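The following exercises concern aromatic pairs, helix packing and overall chain descriptors. Each task is followed by a worked solution.

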Amino acid sequence: MKRILIGLIVAAVLGAGGWFGFNFYAKHRATVEVEAAFERIRSGGGKASHGKIGFDLPSRTLTIEDIAIAPGDQPQAQIKLAGITGTGVRLIDDNSFSADSIEVRGFEVALDQVGAAKLKASYKIPQLILRDYAGPVHAGNAPKDGSLIDLYRYALDQYANVTASSITAPTLTMTFDASGSKAGSGEIAYSGLAIQNIKRGKIDAMKADRAVFTIDVPQPGKPDKLSGELTNVIVNDFDATAIAAALDPQRTGDDTYHRVYRQISAGPYVLKSTQGVRMEIDGISFEDIAVQPSKFRPAEIVALLPTDRSIIPTAAQSREMMEKLAGFYEGLRIGRIEVGKTSMGTPQGTARINAVRYREGEFAVEGIDAPAPQGQFKMERFALKSFSAANLMRWAAGLGNHGQPPSPDQMLGLFRVLEGAEIKGVAVPYKNTRQLVTIDTLSLNWGQLVGSIPSRANLVVKMVTPTDPANPAQRPLVMAGVDKLAINLDLGAAWTESSGAFALAPASIELGSLAKAQARLALANVPRGVFTTDPVQAMTDAGQIETGAIELSLHDSGAVDLVVAQFSRIQNVSRDAGRSAIVDMIRAQGEKIAASNLDAKAAADALADFVATSGQTLSLKLTPLGKVPVVQLMDVLDTEPIVALAQFRIEASTGL
């Protein structure tokens, strides 16, 4: 029995010694691997140090304390960690490892004098926890030139080599100072950060419960300070490899779009200014954000930024910057943007907007209610069609030319930027009165450009405006008791290049309870050359244009009675006597021209019948008897209108 007991004791001692020996070996191996990683940083010209290293074999827990890293020969980035604890750590192969969880404590990154803006920034995360992590044992070499873009690209490259089921951080604080370039300084503090399912540079979801910021804004006169809060920040389907492609100088020929975000949403959002401005937004959302590496080149934009902002750039430098920015925005595609209810309080009052939307090239602002000098301004909707920030910048870049005003052709270039605009539901005070100008619809669309000039357009206007006693042209309306004038206008025009035909149709205008007029005009042999800003060329080519059929229709809804009343008041006669006098004058004029143009007399008789009985419709149709050049017709109309009308067959009629 004694021998057996001694044997068991010896076996236990040997086993314990073996276990402790293996544990010591495992700890030694872990220490060697960690030290080798730090040595690689030192051999690359950086600085790297650490404190105590511990390894517990049963739980495979690795701890490293007091880590400090400064990459590069002239380090502009400083990284510090109070400690790292990895549980369930395992080597996958010689180049990668995994861990059930990794806890990072006291993580700090400091950037100093980075880029042209001389940016100083720091990031602080008291605690960071990663679950089900897998990644490389050795990080790649950090860039040595201190470029902010290169640092971002380096971080994205490292990030693309890891996977994790989740990353959480209770808080993250970022401070920045670019006051050396007059860009300001401030702090942003995030809370409730969480990332789900990281897979080689792609993330299923990210969120932040809250972000609070303060920014000091240097500006001439009184400096401003902004403070605000953003809550419920959610990002779905993020792909860092798309951003890495845009930062890669080897991908300048990549014309494909890479989606970066499927969806971003946030809100409510509150912004305050020490100068009395307060803005609140219910929510903001973006969908399908993608970049095109051949055009979305942030590094090129950063390179153009002046190091000294006190120096005013030349016109050529400004145009170059605008062109670069246009290409940059052209390489950024956003499927949809929506900004929820927004209010902005100023010392002059509070402005409100129900929504701002962008989708498929249409930019719209809805539900505007804002203070104006003469009262409250309201508008249901304002929209721009085929809106492109890139095209707008290119157009703006071409306007300036050594301080000279833009040419007509440059101004007309705006037609290439957009394809239409729409305004609905406007109510605005009329001058200093309590009356309102209301616009139900104001819509202008164009297309089929010849150079910078549209050859197809349509204008629709539906509005009501008060009549103005101070306006001599409107005094008869005021005296007749018309205090408001409703205007309905529908005007369309289109040119067909293959046939040279130009048509003005529809063309109608309705003046409330007064009258409604409709017209149709056709022109033939319209050359392409008339669509130019060169007046000499336009007039030369206009000589080829021939007049086509002209159709006019006028329906009386009260205009005749208004004219009769005004005439009777001037002549101091009754309305019946005044109406008869007007009819007689029209018929007399018809008799004078009867000898030279019977069609014109018939038209005069129809006009007399139109005046004689209220509420009728007058219809006129003029058909050319041969080729009638437009330029010659206009000259003759100005001097001998009867001769001009003789070139047409005139059909006239009236009816209720």
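**Exercise 1.** Determine whether Phe 415 is buried, partly exposed or exposed, and classify its ring pair with Trp 446.

*Solution.* Step 1: buried means under 20% relative accessible area, exposed over 50%, and partly exposed in between, with a 1.4 Å probe and protein chains only. Phe 415 has 26% relative accessibility and therefore counts as partly exposed. Trp 446, at 9%, counts as buried.

Step 2: rings of Phe, Tyr and Trp (its six-membered ring) pair if their centres lie within 6.5 Å; planes under 30 degrees apart count as stacked, over 60 as edge-to-face and the rest as tilted. The ring centres of Phe 415 and Trp 446 are 5.0 Å apart and the planes stand at 80°, so this pair is edge-to-face.

Step 3: Phe 415 belongs to helix 8 (residues 414-417) and Trp 446 to strand 22 (residues 436-450); with their positions 31 residues apart, the pair links distant parts of the chain. Helices (H or I, at least four residues) and strands (E, at least two) are DSSP runs, numbered from the N terminus.

The model is predicted: local features need pLDDT of at least 70, side-chain atom pairs count only at pLDDT 80 or more, and totals for chains, interfaces and linings use all residues. Residues are numbered from 1 along each chain as its sequence is written, and side-chain values use heavy atoms, with hydrogens and water left out.

**Exercise 2.** State how many aromatic pairs the whole structure contains, and describe the one formed by Phe 328 and Tyr 329.

*Solution.* Step 1: the search finds eight aromatic pairs. Step 2: Phe 328 and Tyr 329 pair edge-to-face, at 5.8 Å centre to centre and 85° between the planes. Step 3: Phe 328 is buried at 17% relative accessible area, whereas Tyr 329 is partly exposed at 36%. Step 4: Phe 296 joins Phe 328 and Tyr 329 in one aromatic cluster.

**Exercise 3.** Derive the relative orientation of helix 12 and helix 13.

*Solution.* Step 1: the axes of helix 12 (residues 575-594) and helix 13 (residues 598-612) come within 8 Å and cross at roughly 175°. Axes are lines fitted to C-alpha atoms, for helices over the stretch in contact, and angles run from 0 to 180 degrees between N-to-C directions.

Step 2: angles under 35 degrees count as roughly parallel, over 145 as roughly antiparallel, 65 to 115 as roughly perpendicular and the rest as oblique. Helix 12 and helix 13 are therefore roughly antiparallel.

Step 3: the contact (heavy atoms within 4.5 Å) includes Ile 582 and Ile 586 of helix 12 and Leu 607 and Val 611 of helix 13.

**Exercise 4.** Give the proportion of buried residues in the chain.

*Solution.* Of 656 residues, 34% count as buried. The chain has 15 helices and 29 strands.
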